[in-house]
Amino acid sequence: MDKRTIVNHRGFMPDHSFNFVADIPTVFHCHHFNLFWDQTIDDALGAELGAAIRTHAARESYYDLMAGLAARLRIDGTDDMFTLAMSVLHLGGLGSLAIDADPNGGEIVGEHLHHATAWNTKYARVGRRHPADAVTAGFAAATIELAHRAARDSVRCREVECAAMNGPRCVFVAEPAEPGPLAGPMTRSQITSTADGRLRGLFESDITPILATLRQMTSNLVGDERGRIDAFGLSMSELPTTYYSRAGYDGLRHLSRTAPQSIPVMHALLREAGHVGIFHTLGAIMASSEWDALVGRPSGDPEETVASCVAIARALGMGHWTVAEFEPGQRLVLRTPATYEAIYYVNREGRATEPQCFSYQGAAVAVMQLVARVDWRTRPHFEQRLYARLFEDGSTWKCTETQCIARGDPYCEVVVNRRNPSSSFI
Amino acid sequence: MRTLDVVRMAKMAPALQNLVLFSMPDGRLVEHWPPSVGDADSLATVVGDLLNVADRATRWGFQTSPKMIAVESEAGPLIVCPISEDLGAGFFFNATTNLGLARIQIRDMMLQLEPLRNESKPPAAVPLNSPPSGPPSVARPDSTRPLLSRPDSTRPTATRSESIRSESSRPELSRPTAGRSRGVMLLDTLQRHAPDPHICLLRLSLRTGIALEKLDSPEQLTPEQVDAIATAVRDIIGRDDLGA
């Protein structure tokens, strides 16, 4: 199937700056974010339960996405469904699969899978002890269910060999599962009914033209012949936002029952996922030759840098970030009508007593780091060593989410202030 | 922090072409000689990588740390040595230098580095956001400066005659020593080898359920807590052998 067939079903909501594929919200994240988000859930729950929760979240979100696409494209047969699924996998930068399975069982072999490849790229010298591709396992299960018109959640897939564990390839086994209760929908409708998208902030006259230019690029960002999106020195992916939110909040809920004293630690690590992901993604894009060609080489001017960060975040579908306040080197207030985290929380988890946008909190700090601590005049190289140097003197920023729609506030807002260096990340 | 007189050090070794000092385990540049070395940051990184890999190999094979790594090439020998837990050095000698002579000259230079063996932290790094007159701390190399790490048509290129030897030393870190509890040693191992060391204690706390405050005093942990930490450290760094 021509990828353009699916690209034509990508959408964008300008007021909320969310991306969609067939009305299912999606977002572009880099491998740094993906690895750290998944790792945090596994650290909290253990590898087996963590993988199970993440696989379940992926299965649900990809089932909805592919079912929506199949309905729009009027795809009905088993073979056509498999073809559609492989195109979706490629489009999202997740790699390639060969599926030899039905609802009664079988084997799936993966190549160039995003998470396994990301691990080998980023942590080459760290031995991995558990499979990395729970997202792909969930994707495969959803594909088998749809292709064979089986009941939702009636197929389970788990990874039994993984290229991130020094294996030559990634292998999954499919087996029947008992369907569980279904969660409510998470589509464009939930977004528009949850949050009012009309927010403007500082530097909009700078942000708007950059966003328009970047949208032309991101709307056509698709996997290559291997099913990988390698761009800006990063391995990018487009995943349903429900995957991240469901895996994260299911993990937090489980931890609140088994080890509630560790909840602040998990919050801090989910925040770090946002921090490492946004720092690398936004930084690598701004340091790229593509950016030079499309926007112009960064000058290092703080206002220009923060406007660029906000424009990129919107283009990638992270939400309609706005700059409410900005004092270079000292303070940043980022405000958005809603994050995808908060949208999910309101619709699935109910009313919170505290703000719930952990990756957004970390992202706000990352923006401040890019503005205040990177010397753009000298063409920075966004790699592990640069990132590690951010912490040589401890953490120099304090972030607080002061408003969150999950708590009933009118928008989601994070305030970042400079502080004396501290070893505390809580 | 003691100031390093690398010029004086280099004069002790007439055959020395380049010297790079780097922090461990991250391979961050601390000092280099001569000043005209093009991409000293990258050089420190790759030499630090060499020491890290050799450290892993000798710990697996011998349960000890390397004392010295020697790489012989047609361009001359490269010797890499750990100076302390947190500092390493790479010495590049000219093509006329044999390994024996290089080791002698290194021994003389190491006397200059002796005080650093007792220091726990390397010299302070250049600020991430350095002023225009300072060295670019996060820059790619300036294209007008010669790059030592890239092939140069005027220099002999490496051939298959390169050999790598590492020599083991008495164990310093991998086994409990008098005064160092197993908990202390495990946390030390974690912080030396974990990916993303700035949050490795958070990960350890999340995995074990042990509060961060308790991890600040590892010598006071219970045996059960230490066992839980050992399991978590093995998983985080991906190794069974912790030497503890």
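These are my notebook entries on the interface between chains A and B and on the nonpolar cores, all taken from a predicted model.

**Entry 1, the interface.** I first looked up how the two chains meet, and found 36 residues of chain B in contact with 40 residues of chain A. For the extent of the interface I turned to the buried area, because the size of an interface is often given as the accessible area lost when the parts come together. Between chain B and chain A this comes to about 3,300 Å², with carbon and sulfur atoms giving 53% of it.

**Entry 2, polar and charged pairs.** I then went through the pairs across the interface, where the rule finds nine residue pairs in polar contact, both residues being at pLDDT 80 or more. On the side of chain B that touches chain A, I noted that α2 (40-62), α5 (200-208) and α7 (223-237) of chain B each supply at least two residues. The residues of that side divide into 15 nonpolar, nine polar and twelve charged. The rule also finds six salt bridges between the chains; among them I looked up A:E392 with B:R28, whose closest N and O atoms are 3.0 Å apart.

**Entry 3, the cores.** The largest nonpolar core has 152 residues, and those with the most contacts inside it are A:Y62, A:M66 and A:W321. Helix α10 (residues 263-286) of chain A gives the most to this core, with 14 residues. Leaving aside residues up to four places away in sequence, I listed what A:W321 touches, and the neighbours include A:I278, A:V310, A:L334, A:Y360 and A:V367, as well as the arginines A:R314 and A:R335. I also noted a second, separate core of 25 residues, which includes B:M9, B:L16, B:L87 and B:F93.

Notes: Residues numbered from 1 in each chain as written. Chains lettered and ligands numbered in written order. Predicted model: local features only at pLDDT ≥ 70, side-chain atom pairs only at ≥ 80, totals over all residues. Heavy atoms only, no water. Contact = heavy atoms within 4.5 Å. Buried area = accessible area lost by both parts, 1.4 Å probe. Salt bridge = Lys/Arg side-chain N within 4 Å of Asp/Glu carboxyl O. Polar contact = N/O pair within 3.5 Å; in protein donor to acceptor, adjacent residues only side chain to side chain. Helix = DSSP H or I, 4+ residues; strand = E, 2+ residues; numbered from the N terminus. Nonpolar A, V, L, I, M, F, W, Y, C, P; charged D, E, K, R; others polar. Core = buried A, V, L, I, M, F, W, Y, C linked by side-chain atoms within 4.5 Å. Buried < 20%, exposed > 50% of the residue type's maximum accessible area, 1.4 Å probe, protein only.
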